[in-house]
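Reader: I am new to this structure. Please take me through a single part of the model, slowly and closely.

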Amino acid sequence: MDHLTESYVDSLALNSSAIKNGKDLVKKNSFPLLCQSEDKSLIFGACKGSGKEPYQCSVDISKEANPVFRCTCPSRQFPCKHNLGLMYAFTSGKTFVTAPVPQDIVDKREKAEKREEKKKESPDPAAPAVKRKTNKSALLKKITAQLEGISIAEKLILQMVQSGIGSLDNKALQTAQEQAKQLGNYYIPGIQTAIRLLLLQFREEEDREAMYGKVIEQLTTLQALLKKSNEYLTSRLDNPDQPMDTNSTLEEWIGHAWQIAELREYGRVRSEAELLQLSFRSYTDKARGEFVDEGYWADLGNGKLHLTRNYRPFRAAKYIREDDSVFRIVQAGELAEYPGELNTRVRWEESAFREVTSSDLQRIREAAQSSFPEVIKQVKNQIKNPLSDKHPVVLLPFTGIQRTDTSYVLVDAQGKQLPLADIPYLSEPTTHLLSLLNKTFLNNQVMLVMFEQDWQQNKLVAQPLSVITADEIIRLLY
């Protein structure tokens with residue numbers, strides 16, 4: 001029960017509105033009954049609602065990383081405001097009387113325990129996964145539809161290019177938008193999103209010269225995507241037994257949503273991983289029609305940098321919990337790693353937490369790449385690939401930060417320099433915050449940076465995200 005704090009409850013809420021609604025219930029004394037089990041693993045009670053009878057709500061907090069919420073209200077939010085209010089009542093010091101656990105919850109707990117026992121009987125995640133049977137008929141039908149959709153997308157792009165990029169007016173863009181919408185019927189949501197992004201660049205960029213540069217870059221990406229997708233899917237159509245591509249992000253570019261079972265089958269799951277979040281942000285992806293919560297994490301086991309992405313569609317955002325900054329070590333029982341390059345995407349379903357120690361920070365600092373030229377070479381090679389992540393994140397040790405009249409420069413042990421600047425992709429400035437840091441944080445430390453190629457000035461720049469010292473992580477973006 002010690003972990004049931006206000007900040008912990010905040011982290012469970014779907015959004016800030018849910019937090020406010022839960023706290024308001026406590027302020028209004030909406031709980032005529034507040035109880036806790038004898039072993040303090042369950043809190044439950046009644047909450048006044050819009051109905052004649054109060055809602056019966058409970059929170060099973062025996063597992064910190066996996067609390068169980070129950071409520072008789074019709075809300076589709078989990079936890080609902082009544083669950084949150086119940087927990088806030090506990091954290092605010094309201095009196096909870098000790099009472100027997102209701103029989104219906106006892107029955108549900110027993111069923112849950114049986115499910116857990118079945119899971120334990122399942123094969124070890126480290127053992128080779130049993131290959132699932134593929135419905136070849138359904139697979140071939142899907143691939144045929146995907147290839148048809150790619151053909152439509154190719155014609156759409158060709159039509160736009162032949163009409164002339166500079167001559168596309170609002171009417172032409174609206175027609176293209178309607179045609180792109182039809183691609184939703186062909187199982188290629190990733191390609192559809194890439195085309196939507198192209199059309200958004202026409203509509204939203206006020207600087208015409210800057211717009212042309214972005215459009216040309218996106219057209220190059222689309223050309224490579226359509227070509228490689230066509231070749232890949234055609235080969236799979238000819239050979240349905242061909243495994244999915246796990247050596248690149250092509251499947252995700254096409255629009256495949258990887259399931260943990262698939263990643264396990266391809267040997268991309270490992271057990272008992274520890275990660276520490278170094279940076280976090282939330283942003284709106286208009287092309288996808290989703291809010292995105294994105295975190296960058298250091299893997300304490302192998303020193304790699306991973307990313308997590310939580311997608312919340314606009315229409316369902318209030319029913320999906322927002323991710324937030326995490327300041328403790330996440331201990332993932334099973335870590336699934338998506339195909340990728342420098343910063344592979346990861347996910348986990350169950351986890352525990354522990355506090356950060358100085359040895360954890362030391363391991364992260366030791367994992368930093370020491371040579372600026374080597375890092376720059378690696379980053380440039382990745383950016384050259386049209387379908388690679390254009391904004392890789394790396395850890396860099398530095399001996400100092402030099403300030404010029406207009407910018408900052410990161411300096412390594414060999415005297416090599418790397419310009420620091422705010423990049424348009426993030427849309428959140430952080431470089432100016434360096435002037436607010438204590439001077440001890442600007443010498444002989446490790447910095448997490450995100451790269452971007454400035455095509456107008458033809459140079460590679462990096463934006464600082466965090467500074468990792470021997471004692472703490474100073475987040476500039478969180």
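Author: Start with a term. A residue counts as buried when its relative accessible area is under 20%. Keep in mind that this is a predicted model.

Now take strand β2, residues 42-47. The strand is mostly covered. Six of its six residues are buried. Look at where they point. L42, F44 and A46 face one way from β2. I43, G45 and C47 face the other way. Both sets are buried. Why two sets? In a regular strand, side chains alternate between the two faces of the sheet, so neighbours along the strand point to opposite faces.

Next, the partners of β2. One is strand β1, residues 33-36. β1 and β2 pair in the antiparallel sense, over four bridges. Take one bridge: L34 has G45 of β2 as its partner. The two strands form a hairpin, with five residues between them. In that turn sits K40, with a positive phi of about 60°.

The other pairing to follow is with strand β3, residues 55-60. Six bridges join β2 to β3, and these strands also run antiparallel. Here F44 stands opposite S58 in β3.

Put the pieces together. β2 pairs with β1 and with β3. G45 is the bridge partner of L34, while F44 stands opposite S58. F44 and G45 point opposite ways from β2, and both are buried.

Technical notes: Residues numbered from 1 in each chain as written. Predicted model: local features only at pLDDT ≥ 70, side-chain atom pairs only at ≥ 80, totals over all residues. Heavy atoms only, no water. Buried < 20%, exposed > 50% of the residue type's maximum accessible area, 1.4 Å probe, protein only. Pairing = 2+ DSSP bridges.
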